[in-house]
Amino acid sequence: MRAARLIKMVLLLQARPSMTAGELARELEVSERTVARDVLSLSEAGVPVYADRGRTGGYRLIGGYRTRLTGLARSEAEALFLSGVPTALREMGLADAACAARLKVSAALLPELRDAARGAAQRFHLDAPGWYQQPEPPELLPALAEAVRDDRRLTARYLRKDTEVTRELEPYGLVLKAGVWYLAARVEGDYRVYRVDRFTAVTAAAAEEDAAATGPRTGRFDRDASFDLPAFWAARAAEFARSILRAEVVLRLSADGVRQLPYVTDRAAAREAVARAREAAGPDEQGRLTVTLAVESPEVAYAQLLALGPEAEVLAPAGLRERMAAAARRMAAGYG
């Protein structure tokens, strides 16, 4: 465990000019005192770690020190080759670059680990799109991916409902969610999310000569170093999931209905509803639990709750209860 942590520390310092004790502690999930002890151990082992003193100080490697990939274990090497989703790389136009990178990594590995790529591919396959979908990669995805990699401004036309709008974008990152691509971009200082398949045209800012400057203006934007794409996406996804749950239904659920509810509706909303109901009153004498569930709309809830069949009884709203009762009558008539 400690050896793996020391290797990770060296790689972190190798990848960045300098890191504070606090930054290293957060990355390694240890205390700053442990970081100090680990730095001392690395120094004693001959790794040239230098400590800059003072309020803005930190740790850095000196003398251009680099470590080789000969310390990788087989499981680590196989995990490295699984770090990308093949379909996503191909859709972004990065398949050739990923292949070249894998070859270079393979060449740097110990001979007994060079079959890691084949071993991982034969044992694990990452298939991002959901079931019953035949995803078609958006036509403009490669152009957007290139702009994201190059931090290049874009002029984009985008379909918003039935209207086409033009936006000046600073493209920060791409996200693949359940087979659908999204672009995170900064627009007039605000971060927004766009579905890639709704872009109708994108034009990257071209290099321009600036007479007042000593060199060319490249059309690139200054990227906010504090922007964290995974954290941004997690926050926006949670915000979106909450924002669409604008209605409520009251249900009486059997024990099986309680277990199945997270699989037919929003999982977080289902779990919160069940937890609140158990804390407030618990099951009745028949073992049924009455929950108040946040849903997108009564129409969406109707389609979702039909999947629970007799394990759920809708108590409110009255209109949804009548629709469910009518569906039950039709089903009973159909089965005779």
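Both Tyr158 and Phe199 are buried. In this predicted model, the two residues form an aromatic pair of the edge-to-face kind, with 5.0 Å from centre to centre and 65 degrees between the planes. Tyr158 belongs to strand 3 (residues 154-160) and Phe199 to strand 7 (residues 199-204), so their pairing ties together parts that are 41 residues apart in sequence.

A pair of aromatic rings is described by the distance of the centres and the angle of the planes. The count of such pairs here comes to 10. Another of them joins Phe227 and Phe232: the ring centres are 5.3 Å apart and the planes stand at 45 degrees, so this pair is tilted. Phe227 has a relative accessible area of 15% and is buried. Phe232, with a relative accessible area of 12%, is buried as well. These two residues belong to one aromatic cluster together with Tyr172, Tyr191 and Phe221.

Three members of that cluster, Tyr172, Tyr191 and Phe221, are in contact with Arg186. Arg186 is placed in strand 5 (residues 180-187). Is this arginine buried or exposed? Arg186 counts as buried, because its relative accessible area of 17% is under the 20% limit. Its side chain makes a polar contact with the side chain of Tyr172 at 3.1 Å. The side chain of Arg186 also reaches the backbone oxygen of Asp222, at 3.1 Å. Beyond its neighbours within four places in sequence, the contacts of Arg186 also include Glu168, Leu169, Glu170 and Asp224.

Further along the chain is helix 13 (residues 318-335). Its 18 residues, at 1.5 Å a residue, should span 26 Å, and the C-alpha atoms at its ends are 26 Å apart, which agrees. Within helix 13, Leu320, Met324 and Ala327 are buried. These three cover an arc of only 60 degrees around the axis, which puts them on the same side of the helix. Ala318 and Ala333, on the other side of helix 13, are exposed. What covers the buried residues of this helix? The cover includes strand 10 (247-253), helix 12 (298-305) and strand 12 (312-316). Just after helix 13 comes Gly336, which takes a positive phi of about 70 degrees.

One more ring remains to be described. The charged end of Arg323 sits over the ring of Tyr302, at 3.8 Å from the centre of that ring.

Note on methods:
Residues are numbered from 1 along each chain as its sequence is written. This is a predicted model: local features need pLDDT of at least 70, side-chain atom pairs count only at pLDDT 80 or more; totals for chains, interfaces and linings use all residues. Side-chain values use heavy atoms; hydrogens and water are left out. Helices (H or I, at least four residues) and strands (E, at least two) are DSSP runs, numbered from the N terminus. The expected span of a helix is 1.5 Å times one less than its number of residues. Buried means under 20% relative accessible area, exposed over 50%, partly exposed in between (1.4 Å probe, protein chains only). The arc is that of the directions from the helix axis to the C-beta atoms. Contact means heavy atoms within 4.5 Å. A polar contact is a pair of N or O atoms within 3.5 Å; within protein, one must be able to donate a hydrogen and the other to accept it, and residues adjacent in sequence count only if both atoms are side-chain atoms. Rings of Phe, Tyr and Trp (its six-membered ring) pair if their centres lie within 6.5 Å; planes under 30 degrees apart count as stacked, over 60 as edge-to-face and the rest as tilted. A charge sits over a ring if NZ of Lys or CZ of Arg is within 6 Å of the ring centre and within 35 degrees of the ring normal.
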